[in-house]
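Here is a short briefing on one protein chain. Please look over the sequence and the fold before reading on.

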Amino acid sequence: MGDRAKTDKECHTLKSVIIYVPEVVKSGDTVTLSCDYDLEQAALYTIKWYRDDVEFYRFVPKESPPSKAFSVPFINVDISRSGSKNVTLRGVRRELTGHYKCEVSADAPLFHTEIKSAHMLVAELPIDNPSISIDQTKVEIGKQIQADCSATGSDPAANLTWYINEEEVTEDTDYVKLFPITVQSDHALGLHSSRSRIEIIANKSHFSGGLMVLKCEANLFSLWHGTADRFIRDETPQLAPVLGSTSSQSHTEDNQEYYTGIGHLSFPSSRLTCFLIIPVFVR
């Protein structure tokens, strides 16, 4: 019994394998994948890295050299920056999006093996900022404005967000209708374009100093963002101001006389608006 307890106590095994793979990177980046582990004083037998079950890197400490890269399409391993706990890939491409696995094996006598995996997305960023097309840039209060925002040439498609005077537009924003974002794909290039439409009923609250600023922001995770702005002018007709009294109207207390053919009538000009003069014929 004592010998068995001693044997169990001296039996070291592999535990606490932790893999680190960035969730998203941009095409062309150099990326380092890491795999940490606790062998509990056991010797390391081998480390193997896979992409979608295809092995592309192996580290065996008993071999010379210990690092070995396998020929896999689109994978370029930087051996000088790879070792027992990490592997570095140069110039990753969109084709390398997928699941990456780290397999850690302890040495004899148990050869205990643990595998951890994580997904990595390689994104292709847009070359240009988004663009806005708008049906009119001068509008009267109460009239409708329609605008479209497009972000092209990315993988995956960019997310689009509208702002009016730097305030984010949502489905609950008054006087605004948001349409679902649509995505068009170029299957030959593997790239995607996203488009968003907004309709606005012009309201006084939209204008500051007679101007509204309409902005579209495009984002691709935390890797990239771009913006486009358009200015809309309030062209609502303005009412003419009410004219004041003229000097000829200022003498309101003066009486004026009018000849009727019978005699003279005298009226204060301030009370006189109009009257009818009736001629009198005498036979």
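The notes below cover disulfides, the annotated domain, cores, the pocket and backbone details.

This is a predicted model. The structure holds two disulfides. Its largest nonpolar core has 30 residues, and another core of 29 residues lies apart from it. The largest pocket has a volume of about 170 Å³.

**Disulfide Cys35–Cys102**

- Cys35 and Cys102 are bonded, with their sulfur atoms 2.0 Å apart.
- The S-S torsion of this pair is about -90°, so the disulfide is left-handed.
- Cys35 sits in strand S3 (residues 31-38) and Cys102 in strand S8 (residues 98-106), so the bond ties together parts that are 67 residues apart in sequence.
- Both Cys35 and Cys102 are buried.
- Val87 belongs to strand S7. Its C-alpha atom is 8.8 Å from that of Cys35, although the two residues are 52 apart along the chain.
- Val87 is buried because its relative accessibility is 0%, and buried means under 20%.

**Disulfide Cys149–Cys216**

- Cys149 is joined to Cys216, with an S to S distance of 1.9 Å.
- The torsion about the S-S bond of Cys149 and Cys216 is about -80°, so this disulfide is left-handed.
- Cys149 lies in strand S12 (residues 144-154) and Cys216 in strand S18 (residues 211-220), so the pair links parts that are 67 residues apart in sequence.
- Cys149 has 0% relative accessibility and therefore counts as buried.
- Cys216 has 0% relative accessibility and counts as buried too.
- With the bonded cysteines of the protein chain numbered in sequence order, the pairing reads 1-2, 3-4.

**Annotated domain**

- An unreviewed UniProt entry carries the annotation "domain: Ig-like" for residues 15-105 and 130-163.
- Residues 130-163 are 0% helix and 65% strand.
- The end C-alpha atoms of residues 130-163 are 14 Å apart.

**Nonpolar cores**

- Which residues of the largest nonpolar core touch the most other members? They are Leu33, Trp49, Phe56 and Leu89.
- The elements giving two or more residues to this core are strand S1 (15-20), S3, strand S4 (44-51), strand S5 (54-59), strand S7 (86-89), S8 and strand S9 (113-123).
- S3 and S8 are on that list; these strands also hold Cys35 and Cys102.
- The other core, of 29 residues, includes Leu125, Trp162, Ile164 and Val169.

**Largest pocket**

- The lining consists of Ile164, Asn165, Glu167, Glu168, Val169, Thr173, Asp174, Ser205 and His206.
- By class, the lining has two nonpolar, four polar and three charged residues.
- Ile164 and Val169 line the pocket, and both are among the residues of the 29-residue core.

**Cis peptide bonds**

- The peptide bond between Ser64 and Pro65 is cis, with omega about -5°.
- Pro65 is in the loop between S5 and strand S6 (67-69).
- Asp155 and Pro156 are also joined by a cis peptide bond, where omega is near 0°.
- Pro156 is in the loop between S12 and strand S13 (159-164).
- S12, which precedes that loop, is the strand that holds Cys149.

**Positive phi outside glycine**

- Asp52 is not a glycine, yet its phi is positive at about 50°.
- Asp52 is placed in the loop between S4 and S5. Both of these strands give two or more residues to the largest nonpolar core.
- Is Asp52 buried or partly exposed? Its relative accessible area is 36%, so Asp52 is partly exposed.
- Asn165 is not a glycine either, and has a positive phi of about 55°.
- Asn165 lies in the loop between S13 and strand S14 (167-168).
- At 28% relative accessibility, Asn165 is partly exposed; the band for that class runs between the 20% and 50% limits.
- Asn165 is also one of the residues that line the largest pocket.

Key
Residues are numbered from 1 along each chain as its sequence is written. This is a predicted model: local features need pLDDT of at least 70, side-chain atom pairs count only at pLDDT 80 or more; totals for chains, interfaces and linings use all residues. Side-chain values use heavy atoms; hydrogens and water are left out. A disulfide is a pair of cysteine sulfur atoms within 2.5 Å. Helices (H or I, at least four residues) and strands (E, at least two) are DSSP runs, numbered from the N terminus. Buried means under 20% relative accessible area, exposed over 50%, partly exposed in between (1.4 Å probe, protein chains only). UniProt positions are given in the numbering used here, feature names are shortened, and annotations may be inferred rather than shown by experiment. A nonpolar core is a set of buried Ala, Val, Leu, Ile, Met, Phe, Trp, Tyr and Cys residues joined through side-chain atoms within 4.5 Å. On a 1 Å grid over the protein atoms alone, a cavity is a set of points where a 1.4 Å probe fits but cannot get out, and a pocket is an open set with protein on both sides within 12 Å along at least five of seven lines; lining residues have an atom within 4 Å of a point. Grid points are joined across faces, edges and corners, and a volume is the space filled by probe spheres set on the points. Ala, Val, Leu, Ile, Met, Phe, Trp, Tyr, Cys and Pro count as nonpolar, Asp, Glu, Lys and Arg as charged, and the others, Gly among them, as polar.
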